Protein chains: 2
Amino acid sequence: MARRPAPPDASRRATIRDVASAAGVSIATVSRVLGGTYPSAPVTRSKVMRAVRDLGYVANSHARALAGISTKNVAIILNSVVSPFYAYVAQAVETQAAQEGRLVLISTTGGDLRRELGAVKLMQEEHADAVILVGNVVDSDEYRKRMAEYAHALASAGSQLVLCGRPSLGPDVPAIVVEYDNAGGARAATGHLLSAGHRRILYLGHKPGYTTSEGRLSGYRDALDGYGVPFDAGLRVDGATLERAEGHRLMRERLRAGEPDFTAVFAANDQIAAGARQALLERGLRIPEDISLMGYDDLPPAVDIGLTTVHLPHDELGRTAVRLALRRDRDAVDDHVVLGTHVVVRDSVRPVTA
Amino acid sequence: MARRPAPPDASRRATIRDVASAAGVSIATVSRVLGGTYPSAPVTRSKVMRAVRDLGYVANSHARALAGISTKNVAIILNSVVSPFYAYVAQAVETQAAQEGRLVLISTTGGDLRRELGAVKLMQEEHADAVILVGNVVDSDEYRKRMAEYAHALASAGSQLVLCGRPSLGPDVPAIVVEYDNAGGARAATGHLLSAGHRRILYLGHKPGYTTSEGRLSGYRDALDGYGVPFDAGLRVDGATLERAEGHRLMRERLRAGEPDFTAVFAANDQIAAGARQALLERGLRIPEDISLMGYDDLPPAVDIGLTTVHLPHDELGRTAVRLALRRDRDAVDDHVVLGTHVVVRDSVRPVTA
DNA sequence: GTGAAAGCGCTAACAG
DNA sequence: CTGTTAGCGCTTTCAC
């Protein structure tokens, strides 16, 4: 490697050494002035600052990280950025991270476990202070095993795994969990429908195996039980994705069979609800006059279509995740928090007028 | 600094040195095996791999970056992640970056210039291969000056500034520009309204000084000119944000004055349109029977509310930005591309039935 | 094919 | 208060 000599070549990043020689001091002094780590003479200080400005010096964060300072960034790994739920959590994470002087590294997985594992490893290479995993996984054995390994690896590297909106991996895995009450929200939502007299409630868009979906479904069943209404497997419609288009497809298909055999639909999330709504409308069915509609998430589409839905604490989810991950006293007990959810009433549900 | 001796302490990241000694080879060999930089004996190779697995070794990307390898990440700086336009572009950037083996560093600014400049500097410290700035700035002198400086600094550090959805800084500034035809889209949209017979078209939600807003407004005026319709300043309504709530507020206020003095509204974007729509509906006005409504962006709310709008090439915007930034031959000429836009017809516009 | 050694740019003892 | 120096973990000549 041809060591280049002194001349501070214009087309090269200025280094601390360049600054030092321009200011006529040692690199240590420059480091101290810049870091504010230590008192320094005003004269020295201003000489250094001038050199910094003249040279357009910008510190090299890699060198800094290597020299022992912890990294300045947290990582977030999620399915997709355009999906409103993830977008809101991501925004909250970014905001909180910025407030704590951190940058965020982001990676999306499209819901694929292998990509998720790959992303965690990448983030580990980057020495992120915290790695935040958001939402919705299939709860497989491989997932649990591999993730537990990563949690340990991260922990012993001084980093911290955070599971956000997904269940714990067990008590012996060093991961912080920040989730929300999926089942509770679904129970409340279903209860809302039931108390309005609905008995035939279509559960639309269940995604089997996925943690959030399973939680919601079980809340739905709980509520049914509570009202002594038997669960009818024919009223559960599974879907492949949780997107708007899928809700539309699913409902259209269901409607093709003939007159609706339900008076209300509880959608797996707001997007599914929006799609279902469109299919219902296209079929000439009115909401809520003919069919009541309940969503889950309380995200943008909900307001536009006046959807009664379950509110999720997106913001708190994201903020809490980074706050807990970055707090100094790791031994604190609250490494598992469950945030509440509640029904937001708009105009898509009406009592049955049988 | 107390140099720790040999014992590969369990609670410490394994380093290349640990791997080397575990495998009984030199660190150079490990580096070569892992990097695939150089041929190596199969035996050595497998010994190394075993050690890597046993120790759970994960390379340190900072050390790697420091040792000369270029970073593996690109930076994106935007107003907000929840705003659909940004979310879609961000998603495209992430996807393309991942395809090119890069991670993305993200930072949001809330539309504040100082925060934006700060973010660029941070990204520069991180040695991002490319720094992508997305959308919507106030085009001030300070902005141009500072950004031009950064562009030069980044360029000389082997990085690349990309302006995505915002205008060029001038020919002598080393930045790639990937924009879309704001004015053209507005011209087409307004033309669509005009050819349906509308003459009193309310332009709602203009954000003075902001580049995209100005572009759209000028397209609106161009179209008016083309039809020989004089521009009526009373039909231009300025807003403070580009959000749904603002559209709602603005329209409600406008309507408070009395009967609408317009037959169509052209909203600065889909969110404003969604808010305006709600206000119109609340007032008992039907869309499109009473009032025609045109949006801009073609993002999620648009489909839900059947909005006729201008489609933006979000995906191409993001992908092109990283592709151009990362391509090898920097000397190629196409460092300024303008992507097309077009009107998407749904159900919110109808001919005037005077 | 493999090892030794010289840095990449920076921080933090350790001595003045 | 400031300079000297020893690394952080890795890649890459240069020899063997």
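Two strands pair if DSSP finds at least two bridges between them. In this predicted model, strand β1 (residues 73-78) of chain A and strand β3 (residues 130-134) of chain A meet that test, pairing in the parallel sense over 4 bridges. Within this pair, A:Ile77 stands opposite A:Leu133 of β3(A).

These two strands belong to something wider. An open sheet of 12 strands takes in both chains. Its order is β11(A)-β5(A)-β4(A)-β3(A)-β1(A)-β2(A)-β2(B)-β1(B)-β3(B)-β4(B)-β5(B)-β11(B). The pairing is mixed. At the edges stand β11 (336-339) of chain A and β11 (336-339) of chain B. Each has a single partner strand, so one side of each is left without a neighbour in the sheet. From one strand to the next, the twist averages 20°. A helix also packs on this sheet: α6 (residues 113-125) of chain B. Helix α6(B) touches β2 of chain A, and it touches β1 (73-78), β2 and β3 (130-134) of chain B as well. The direction of α6(B) makes about 175° with that of β1(B).

Where do the chains join within the sheet? Strand β2(A) is linked to strand β2 (residues 103-108) of chain B by 3 bridges. The two strands run antiparallel. Here A:Ile106 stands opposite B:Val104 in β2(B).

The contact between the chains takes in other elements too. In total, 40 residues of chain A are in contact with 40 residues of chain B. On the chain A side, at least two residues each come from α4, α5 (84-99), β2 (103-108), α6 (113-125), α7 (141-156) and α12 (301-304). Strand β2(A) supplies the largest share, 6 residues. By class, this side of chain A has 22 nonpolar, 12 polar and 6 charged residues.

Now compare the two copies. A turn of 180°, with a shift of 0.0 Å along the axis, lays chain A on chain B with an RMSD of 0.1 Å. That is the relation of a two-fold axis. The same surface serves both copies, since 100% of the contact residues of chain A recur in chain B.

Next, the domains. Chain A is divided into domain 1 (16-66), domain 2 (73-180 + 314-341) and domain 3 (183-312). Domain 2 of chain A is thus written as two segments. The C-alpha centres of domain 1 and domain 2 of chain A lie 36 Å apart.

A further sheet can be followed in chain B. It is open, with 4 strands in the order β7-β6-β8-β9. The pairing in this sheet is parallel. Its edge strands are β7 (236-238) and β9 (292-294) of chain B, and each pairs on one side only. The twist of this sheet averages 20° from one strand to the next. Strand β6 (residues 201-206) of chain B pairs with β7(B) in the parallel sense over 3 bridges. There, B:Tyr203 stands opposite B:Arg236 in β7(B).

Last comes the DNA. Which residues are closest to DNA strand C? They are A:Ile16, A:Ala63, B:Ala28, B:Thr29 and B:Thr44, among the 29 residues that surround the strand. Both chains take part. Two or more residues come from each of α2 (27-35) and α4 (61-66) of chain A and α2 (27-35) of chain B. Helix α2(A) gives the most to this surface, with 4 residues. By class, the surface near DNA strand C has 17 nonpolar, 10 polar and 2 charged residues.

Note on methods:
Residues numbered from 1 in each chain as written. Chains lettered and ligands numbered in written order. Predicted model: local features only at pLDDT ≥ 70, side-chain atom pairs only at ≥ 80, totals over all residues. Near = placed C-beta within 6 Å. Nonpolar A, V, L, I, M, F, W, Y, C, P; charged D, E, K, R; others polar. Contact = placed C-beta atoms within 7 Å. Least-squares fit on C-alpha atoms with pLDDT ≥ 70 in both. Axes fitted to C-alpha atoms, helices over the stretch in contact; angles between N-to-C directions. Domains from an automatic or database assignment.
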